[in-house]
Amino acid sequence: MLLVAWLITTALAIARPLAWGRSPWPVLGVGIVVSAILTVAAYVTLRVGAGVL
């Protein structure tokens, strides 16, 4: 289910700017950065919870 939601939001992130005649790369860049930050935060949280850090 999460993968389906990700695919839909990714398609919208690319299609909406293109429909408006704009480049989708700024939107995708922000999405990639936010995703990377959340992934690192989740990783660190799991490591702390496991007592590794």
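Helices are taken here as DSSP runs of H or I with at least four residues, numbered from the N terminus. On this basis, the predicted model holds two helices and zero strands in its chain. The radius of gyration of the chain is 15 Å, well over the 10 Å that the globule rule gives for 53 residues, so the chain is more spread out than a compact globule. Along the principal axes, the C-alpha atoms fill a box of roughly 50 × 25 × 5 Å. Buried residues account for 8% of the 53 residues. About 4500 Å² of the chain is exposed, and carbon and sulfur atoms supply 79% of this area.

Helix α1 covers residues 2–19. At 1.5 Å a residue, the 18 residues of α1 should span 26 Å, and the end C-alpha atoms of the helix are 26 Å apart, in agreement with that expectation. After α1 comes G21, which has a positive phi, near 80°. Within helix α1 lies L12. The relative accessibility of L12 is 46%, a value between the 20% limit for buried and the 50% limit for exposed residues, and L12 therefore counts as partly exposed. Between L12 and P24 there are 9.8 Å in space, C-alpha to C-alpha, the two residues being twelve apart in sequence.

Helix α2 comprises residues 25–49. From the first C-alpha to the last, the 25 residues of α2 reach 36 Å, which is close to the 36 Å expected at 1.5 Å a residue. As with the preceding helix, a glycine is found after the helix: α2 is followed by G51, just as α1 is followed by G21. The phi of G51 is positive, near 80°.

V27 is found in helix α2. With a relative accessible area of 41%, V27 is partly exposed. When residues up to four places away in sequence are not counted, V27 touches A13 and P17. Both A13 and P17 fall in the range of residues 2–19 that defines α1. V27 and I14 are 13 residues apart in sequence, and their C-alpha atoms are 8.0 Å apart in space.

A nonpolar patch on the surface is formed by V40, Y43, V44, V48, V52 and L53. Together, these residues have about 570 Å² of accessible area. One of them, V48, has its place in helix α2. The relative accessible area of V48 is 48%, and V48 is partly exposed; residues enter a patch at over 30% relative accessible area, so a partly exposed residue can belong to one. In an α-helix there are 3.6 residues a turn, so residues three or four places apart point the same way. Members of the patch include V40, V44 and V48.

Technical notes. Residues numbered from 1 in each chain as written. Predicted model: local features only at pLDDT ≥ 70, side-chain atom pairs only at ≥ 80, totals over all residues. Heavy atoms only, no water. Patch = residues over 30% accessible without salt bridge, like charges linked within 9 Å, V, L, I, M, F, W, Y side chains within 5 Å. Areas by Shrake-Rupley, 256 points an atom, 1.4 Å probe, with all protein chains shown as cover. Salt bridge = Lys/Arg side-chain N within 4 Å of Asp/Glu carboxyl O. Buried < 20%, exposed > 50% of the residue type's maximum accessible area, 1.4 Å probe, protein only. Rg over C-alpha atoms; globule rule 2.2 N^0.38 Å. Expected span 1.5 Å × (residues − 1). Contact = heavy atoms within 4.5 Å.
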